[in-house]
Amino acid sequence: MLVADALRLGGAVLGQYPNMLAPQLIGRLLPEVAHNPNIKMLVNDCDSKGSVHCALLPLYHCLHTPGGPLKYSLEGHQFAVFSICLTSDYRYVVSISNRFITWDLSTSDLTRDVNPNIEGIMQHLVLSPDNKWAAAYTNNNQTVLLNMLSSEFVIIDNPLPEGYTVTGIYLLNYNLFIFGNDKWARFDMRGNLEEEYNAPLDLTEWSILNMEYDNKAEYRIIFWKGNLDDDRMTLSLHTKEGDYEYLEYHSGMVLTRNKNTLYACTTPGLYIITKYAKSEDEKKWEKVQDLPRTVNDDTELILQLKLDKDDLYLFGTTSNGFVIWDFNEIKIDEGAISLTLPYGTRNITTKMLQSNSIILSAHKNYAIAGVRKNLYVWSIETRKLVKVLDAHFGRIIQLEALTIGNWNSIVTSSIDRTAKVWNINNIFETVHVIDRHELQVDAISLSDNLSLAVTATRNCVGVWDLRIGKLVAKLADSPLGAIVTHAIITPDGKYIISAETGNILIWLRLTQQVIFKEEQPGIRQLTLIDGGTKILSVSKPSNPPGTDFVRTTATLCVREIPGGEMVYSFEYPLRSITGVPFKPAVVTSDNLHLVLAAADKTNRDCVLVYNAQTGSFVHRIPLKSSMIKDIAGLVAMPHKGHLIAVLSTDKGAIIDIRSKKHIRSVPKWGGCITKDGKHGLYAPSRGGLELIELKKGQTVKTFIPKVAEGVFSIICLFNKTDEYVLYYHSGKKTLRVFRTNDAEMIANYRVQAELTAVESTPDGKALVLGTIDGCVSVLAIVDTQKSDMNEYLAEMPSRDEGWKKKVEKMRAQTRFKAVGSIVKLSTMFSNENNNLCGPPLSNITNEKEQE
């Protein structure tokens, strides 16, 4: 079952990348190695044989383990999943972003993927009653009508008058309705306009919030004031027999499935829920009763009302929690069931009548809600919060119940581009925790030989043990409101330097204490120089709001580590363009010079050269002869200390900083370079990867042909030993590894979340990945041409089933030794104190008796 569940969890990835079977099994099953010898044999086989298909293998547990609450992770969207719909038979889930993706809920298989090639992002999804059609409108007022059987689609441009925006759609089996603030239009299933309508004249001060059609002749319109601060709304019902009397209400309203009953807040100044029934004789909504009140319904805002699929439970979303009303004959509670969120967590209105949702489990013993990125679970019996589950790394947009037959599940969609299916039966099962940050990993810095890494996130600096994947410490000088922009660790692993909230900090790693702090606002770069004994920092002010370009002054400082004594500092002018990244300074390979991208007196880009030991100015190098107008970056040539490369968008110019002469230009070069300075990489954002020779600029090897894959962000680099080329494509979310010598692809690894940082270990045997979900993963490059890599994997703690016991034994021995040392010191200090205080009192008494 463990292996089967692991395959289901990775089904969305394995369906597209079957070669990732070994990494998926290893990343999910490693925690079970100690308890199950068969799992250990399977993992060993994946280590030894799986590298033939994918050479990137995890060093430790880095993916969701089977047996927990997560049943499936449905992946495939490149943007946030803004809406999902379950088909009427609860077999499929349809989702939208910039494309339609349908998954089979029983197998997690991707059954339909339709890309309509629209420019916008789809906002809201509706299905026809017979599930044969799906429709969604986009943020640029287009509507896509999809045939779910044939995958054919029609794109309908905004049918409303100029200046009107599409605010919603509704779908019947044979018609599509598109509406705006006070107009709507009816289309057939080929996208042909059939008829246009105007809102009732007596409601011109109101705007259409939502529309629902029963058939061509009968429909309901919800009007609102067009302002979230004004919660007044009006329901208009039009039937064949005539129009019903308007029903005015506020805050929340929901209709039953047969549309004959509704629940709404109609009492002014109070958030009491009232039940209304449709009276066909009098053509109006008649009040039936007020539902049981909650304790604070005079102040607690109702943000959303929602019914379950059988209309037996009414769920109310309030600012501070949720309320449930039971309409069964045998009720859980005669009154209103109030469930409160933890302190500091609140529900918010995403759109009028829409907020966070809550559902009941199949056995009605638990209530589950999605708030922010977590799932909150309450016990209905005790009304207490019993579980908080870290479900997504982005805000949960939608939550739907999947409680039918033997299924006791929920489906969530999130801004993190995934939809997930959760098994409520396993909601309390213990899972193997994956350490991660709350925010994305912005940068990674590695020590040389201690298997330590430092990560920079928005709110803290993380210290990681890379052999076991443990987040050892989170460092932040300001406990609240810390803004960390840079972090770096010295090669020996003793000190960490970070830029936090306008200060430069030096931390002693072992004690996790700040040993140096000095104000330096606007730090853009931190770089270790002189073998990690000094830290170079560059700061510049941000551009004033509303300005695209400004000439400003940057400050460069070099300080000693760990004392922080200033070695030298100086200022230099540069052009600051809003939206264009800062160009970091570089140190030449002989450590003699600092090279900076600066601006001359005429505001043209130039290069400044300073002495790296004293900070004295050497000379300025104009770029006129290099034919470079805008500097994109600087590279110190690794094989010759007097050469640097000035990069632009389409080439690199190699310059001799001693003679200030332009040596040659290398077309297409992006800045990646081997240690011998002979080869570089060309990786355009539109697709393709080539190894180029830097003397003549010719292509030596082609790793990826020039294919149009769309314009995406690319991460491309050599590993530390230059044996491999790494290529990450943000559109596909894949990390490909090629051998440099024969251009063969040895791995095509689909990362679990968008990659934000990647570094190669100093020995070149592994890669450290930082992702947008805050996780840090280490992948060994198990090349089949290297026999020692299997031994490298076998030495990892995760492959040793008795590793945890050994660690506990070592800790116990360390604690015993520490206690022994403390006792020894205490005894020594006690003896010294006795000697200082003189001889014992008994000796003095005996001496007096003898006298």
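**Packing of helix α3 and surface features of the chain**

The buried residues of helix α3 pack against α1 (2-9), α2 (11-16), α4 (37-49), β1 (56-58) and β60 (745-750). These contacts are read from a predicted model. Helix α3 spans residues 21-29, and eight of its nine residues are buried, which leaves the helix mostly covered. The buried positions are Ala22, Pro23, Gln24, Leu25, Ile26, Gly27, Arg28 and Leu29.

Gln24 was examined as one of the residues of helix α3. Its relative accessibility is 5%, and Gln24 therefore counts as buried, since the cut-off for that class is under 20%. When neighbours within four places in sequence are set aside, the contacts of Gln24 are with Gly10, Val13, Leu14 and Leu63.

A nonpolar patch is found on the surface, where Val3, Leu7 and Leu21 together make an area of about 200 Å². Of these residues, Val3 belongs to helix α1, and helix α1 is among the elements against which the buried residues of α3 pack. Val3 counts as partly exposed because its relative accessibility is 30%, a value in the range between the buried limit of 20% and the exposed limit of 50%.

A positive patch is also present on the surface, formed by Lys640, Lys678, Lys695 and Lys696. Lys696 is placed in the loop that runs between strands β55 (689-693) and β56 (699-704). With a relative accessibility of 64%, Lys696 counts as exposed, as the class requires over 50%.

The chain as a whole was then considered. It has 851 residues, of which 51% count as buried. Its secondary structure comprises seven helices and 63 strands. Along the principal axes, the C-alpha atoms fill a box of roughly 105 × 100 × 55 Å. Among contacts in the chain with a separation of 6 or more, 45% are accounted for by residues 24 or more positions apart.

The area exposed by the chain is about 39600 Å², and 50% of this is supplied by carbon and sulfur atoms. The chain carries 91 positive and 95 negative charges, and the mean positions of the two sets are 7 Å apart.

Key:
Residues are numbered from 1 along each chain as its sequence is written. This is a predicted model: local features need pLDDT of at least 70, side-chain atom pairs count only at pLDDT 80 or more; totals for chains, interfaces and linings use all residues. Side-chain values use heavy atoms; hydrogens and water are left out. Patches are made of residues with over 30% relative accessible area and no salt bridge: like charges are joined within 9 Å, nonpolar side chains (Val, Leu, Ile, Met, Phe, Trp, Tyr) within 5 Å. Accessible areas come from the Shrake-Rupley method with a 1.4 Å probe; for residues, only the protein chains shown count as cover. A salt bridge is a side-chain nitrogen of Lys or Arg within 4 Å of a carboxyl oxygen of Asp or Glu. Lys and Arg count as positive and Asp and Glu as negative; His and the chain ends are not counted. The place of a charge is taken as NZ of Lys, CZ of Arg, CG of Asp or CD of Glu. Helices (H or I, at least four residues) and strands (E, at least two) are DSSP runs, numbered from the N terminus. Buried means under 20% relative accessible area, exposed over 50%, partly exposed in between (1.4 Å probe, protein chains only). Contact means heavy atoms within 4.5 Å.
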